[in-house]
Amino acid sequence: MLAPFRRLLAERRAAGAAVGAFTCYDLTTALGVLRAAESREAPAILLVSDASFRGAGGRLLVAGLLGAATAASVPACVQLDHATDPAALRAALAAGFGAVMADGSRLPVADNEALAREVVTEAAKLGVGVGVEAELGHIEGGEDVAAAAAAGALTDPAQAAAFVGETGVDCLAVSIGNVHGTYASPPRLDWERLEQIREAVGGTPLSLHGASGLADDDVRRAIELGVCKVNVNTELRARYLDELERRLPGAKAGLRLLDLQESLVAAVAEVVGAKLDLFGLSRR
């Protein structure tokens, strides 16, 4: 069932847990995410990358994910992730996303703030509780963790307080030494900074990006310190492609497309299930 972004975050925050947000490049991935969520009676967020949305068939992908989320027996939300173009963000709102991420983290803080405020205003016009996430500081990716952290910018707690106050965003992605993608060396997350950000922004939910590859203990600690949304992408793609490589020869020999799809759904569900358990959502 479709559920408001704000409600999912509020409920997870109150429970001392985090909602899992998983990037879905096709309906098969989404089915795996929702299968794991339903088996645990846990909510989930289906993320769509900006490139997927703007690419060929992007609107059809969104329609398919919205249909899957609507049919699910657990609360689910479809969110556009890391969009930087105001026109794309407006198009996403018109396409029916339950939430969007207005990513102005590479911009000067004032411009980032202006982008987030504009999108919050546009979302409010819909009158259906569409959520808006933003990022303050910048999370790099695809590099050694030390280089990525140095290239990015850690979130300043005082700026975070002013940012959420001026923009009214529903969720803030924080940069505390985390990166997108894999970690070539163990990251050293700035826990004191995370605590300061949490105190500075009051009740505004925080999200952690770049969770693929983080140690389980680090994820648990981040949630204990106030993170209530955790994004996962790289681990899903890796498992999907590994399973495709393993199963493709046999499926090709018999032209067994349905068997191949089922194996991919099951593989994704296994990864997602482990993450949901880690995020504190399992009711088992």
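# Strands, cores and cysteines

Biologist: Which hand does the β-α-β unit made by S1, H2 and S2 have?

Modeller: S1, H2 and S2 are DSSP runs, numbered from the N terminus (helices are H or I of at least four residues, strands E of at least two). A crossover is right-handed if, with the strands pointing away from you, the path from the first strand over the helix to the second runs clockwise. For S1, H2 and S2, the unit is right-handed.

Biologist: What should I know before I trust the numbers?

Modeller: Residues are numbered from 1 along each chain as its sequence is written, and side-chain values use heavy atoms, leaving out hydrogens and water. This is a predicted model, so local features need pLDDT of at least 70 and side-chain atom pairs pLDDT 80 or more, while totals for chains, interfaces and linings use all residues.

Biologist: How many of the residues of strand S1 are buried?

Modeller: Buried means under 20% relative accessible area (exposed is over 50%, partly exposed in between; 1.4 Å probe, protein chains only). On one side of S1 sit Val19, Ala21 and Thr23, with Gly20 and Phe22 on the other, and both faces are covered. S1 covers residues 19-23 and is largely enclosed by the rest of the structure, because the buried count is five of five.

Biologist: Which strands pair with S1?

Modeller: Two strands pair if DSSP finds at least two bridges between them. One partner, residues 227-232, runs parallel to S1 over four bridges, and there valine 19 has lysine 229 as its bridge partner. The other also runs parallel, joined by four bridges, with glycine 20 opposite alanine 44. So the names you want are S8 and S2.

Biologist: Which helix does the chain pass through on its way from S3 to S4?

Modeller: S3 (residues 76-83) has eight of its eight residues buried. S3 pairs in parallel with S2 over six bridges, and leucine 46 stands opposite valine 78. Three bridges join S3 to S4, again parallel, with alanine 83 facing alanine 102. The β-α-β crossover from S3 to S4 is right-handed and goes through H5.

Biologist: How far apart, centre to centre, are the rings of phenylalanine 53 and phenylalanine 97?

Modeller: Rings of Phe, Tyr and Trp (its six-membered ring) pair with centres within 6.5 Å; planes under 30 degrees apart are stacked, over 60 edge-to-face, the rest tilted. There is one such aromatic pair, and it is edge-to-face, with 85° between the planes and a centre-to-centre distance of 5.3 Å.

Biologist: How many residues apart in sequence are the parts that this pair ties together?

Modeller: Phenylalanine 53 is buried at 6% relative accessible area, and phenylalanine 97 is buried at 1%. Phenylalanine 53 is in helix H3 and phenylalanine 97 in the loop between helix H5 and strand S4, so the separation is 44 residues.

Biologist: Which helix gives the largest share of the largest nonpolar core?

Modeller: A nonpolar core is a set of buried Ala, Val, Leu, Ile, Met, Phe, Trp, Tyr and Cys residues joined through side-chain atoms within 4.5 Å. The largest has 76 residues, and those with the most contacts inside it include Val33, Leu46 and Phe97. Eight of the core's residues, the largest share, come from H12.

Biologist: How many disulfides are there?

Modeller: A disulfide here needs two cysteine sulfur atoms within 2.5 Å. Cysteine 24's sulfur is 12 Å from its closest cysteine sulfur, in cysteine 77, too far for a bond. Cysteine 171 fails too, because its closest, in cysteine 228, is 5.9 Å away. Across the whole structure, the number of disulfides is zero.
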